[in-house]
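Work through the exercises below with the sequence and the model side by side. Try each task before reading its solution.

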Amino acid sequence: MLKLERLKKLRDKIRGDFDGFITLNPVNLRYLIDFRGDNSILLVTEDKIQLYVNEMYLEQAHKDCSDIEIIPVKKEWIDILTKNIKKEKVKRLAFESDISYSTYKKLASINGIDLLPVENLLDFIRAIKDEEEISLIKKAAEIADLAFMHLKAFIKPGVKEQDLVAEFDYFVRKKGATVSFEPIILYGEISSLPHGISGLREIKPGGILLIDYGAKYEGYCSDATRTLFLGKPPREYSKLYNIVLKAQEEAEAIIKPGIPVCEVDKAARDVITKEGFGDKFIHSTGHGVGLEIHEYPRISDNNDALLEKGMVLTVEPGIYIKGFGGIRIEDLVVVNDSGVEILTRISKDFEFKGGNI
């Protein structure tokens, strides 16, 4: 279904600079017109919206977005696109700069137009979520949290990391969703790898279990992380955990519209640096989440963009020490008028007592 307000935002951005804009990105097609297919092109002008769709997805196009002009194309889509671009008198055509070189060459073969590459145009627009999007993200976060709570019953000695990954995936699918990324479930010292790969390591009492998880519902993603210690944590583990928790709390406390993104990163990083572990916090403090698991804005020290109402972000400081393990605590939050609403609602208890551990 056509997303009129989103298309208006796009047209407002390009008006005066371009006569037309094309996107081949399936995520952007989903965002603008709710099309769920692939191998297609959307042309947007001031008064036209045309979807050039591969015949494989023609039925899908009529199902998803029957309220726009749908143009079936075969292999040489450039011929019919060229004809219609000239018919619409497009002279300045904007395109996303990350398209393939072969696609660029085809566009460059159109005589009489100026090709103008743009970067992140729709990324900036998509960063501000509307009420429908926030509702879907909340549902994704709810399903993911339910799956995490379900998973805790399976945490016991002898269970493998991959067993927990499979159980999480199965539960999410039973709830009508899919995983937004393959869960990162790491036991012991290997948890020092922020994006480690779950394997055949068996869970035992007395170690860290890091669980980075998310669900995707109706195309929209959630993302969260909890770190557990299997049994009573030694003092040095509790100390590190509390540092990370404080860093997250400090960062979440300053989030509100108008705050520079880099200030959120600084709030978390200052806590960890002050405790002597600044060099062990080896990634940014968070990122946007929406139709993709990593979206604009990146919460980093060099991003001075301002937070806006409707942004959905992760806040995920961490400390990673080779030979010791990693601790990360990640919430999904939405920026509102006065601060944030935290969408990740499960406990942040570090000590895990269940599963005969």
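The exercises go from the whole chain to pairs of helices and then to a single residue.

This is a predicted model, in which local features need pLDDT of at least 70 and side-chain atom pairs count only at pLDDT 80 or more, while totals for chains, interfaces and linings use all residues. Residues are numbered from 1 along each chain as its sequence is written, and side-chain values use heavy atoms, with hydrogens and water left out.

**Exercise 1. The whole chain**

Find how many helices and strands the protein chain has, and what share of its residues count as buried.

Solution. Begin with the DSSP runs, where a helix is a run of H or I with at least four residues and a strand a run of E with at least two, numbered from the N terminus; the protein chain has ten helices and 20 strands. Next, take buried to mean under 20% relative accessible area, with exposed over 50% and partly exposed in between (1.4 Å probe, protein chains only); of the 357 residues, 55% count as buried. Finally, consider the extent of the chain, whose C-alpha trace spans about 70 × 40 × 35 Å along its principal axes.

**Exercise 2. Helices H9 and H10**

Decide how H9 and H10 are oriented to each other, and state which classes of residue make up their contact.

Solution. First, fit lines to the C-alpha atoms over the stretch in contact and take the angle, from 0 to 180 degrees, between the N-to-C directions; for H9 (residues 235-254) and H10 (residues 261-274) the angle is about 155°, with the axes 8 Å apart. Second, angles under 35 degrees count as roughly parallel, over 145 as roughly antiparallel, 65 to 115 as roughly perpendicular and the rest as oblique, and H9 is therefore roughly antiparallel to H10. Third, look for contacts, meaning heavy atoms within 4.5 Å; the residues involved include Ile243 and Ala247 of H9 and Val264 and Ala268 of H10. Fourth, sort the residues of this contact, counting Ala, Val, Leu, Ile, Met, Phe, Trp, Tyr, Cys and Pro as nonpolar, Asp, Glu, Lys and Arg as charged, and the others, Gly among them, as polar; the result is nine nonpolar, no polar and three charged.

**Exercise 3. Helices H7 and H8**

Apply the procedure to H7 and H8 and name their orientation.

Solution. H7 (residues 131-152) and H8 (residues 161-174) pack at an angle of about 135°, their axes being 9 Å apart, and the two are therefore oblique to each other. Among the residues in the contact are Phe148 and Leu151 of H7 together with Phe168 and Phe171 of H8. By class, the contact has ten nonpolar, one polar and one charged residues.

**Exercise 4. Helix H4 and Asn84**

Describe how H4 packs with H5, and then determine whether Asn84 is buried or exposed.

Solution. Start with the helix pair: H4 and H5 (residues 101-108) pack at an angle of about 40° with axes 10 Å apart, and are therefore oblique to each other. The contact is made by Trp77, Ile78 and Leu81 of H4 and by Thr103, Lys106 and Leu107 of H5, which divide into four nonpolar, one polar and one charged. Then turn to Asn84, which is found in H4 (residues 77-87) and is buried because its relative accessible area is 11%. Leaving aside neighbours within four places in sequence, Asn84 is in contact with Gln50, Tyr52 and Ile71. Asn84 and Gln50 are 34 residues apart in sequence, yet 9.4 Å apart in space, C-alpha to C-alpha.
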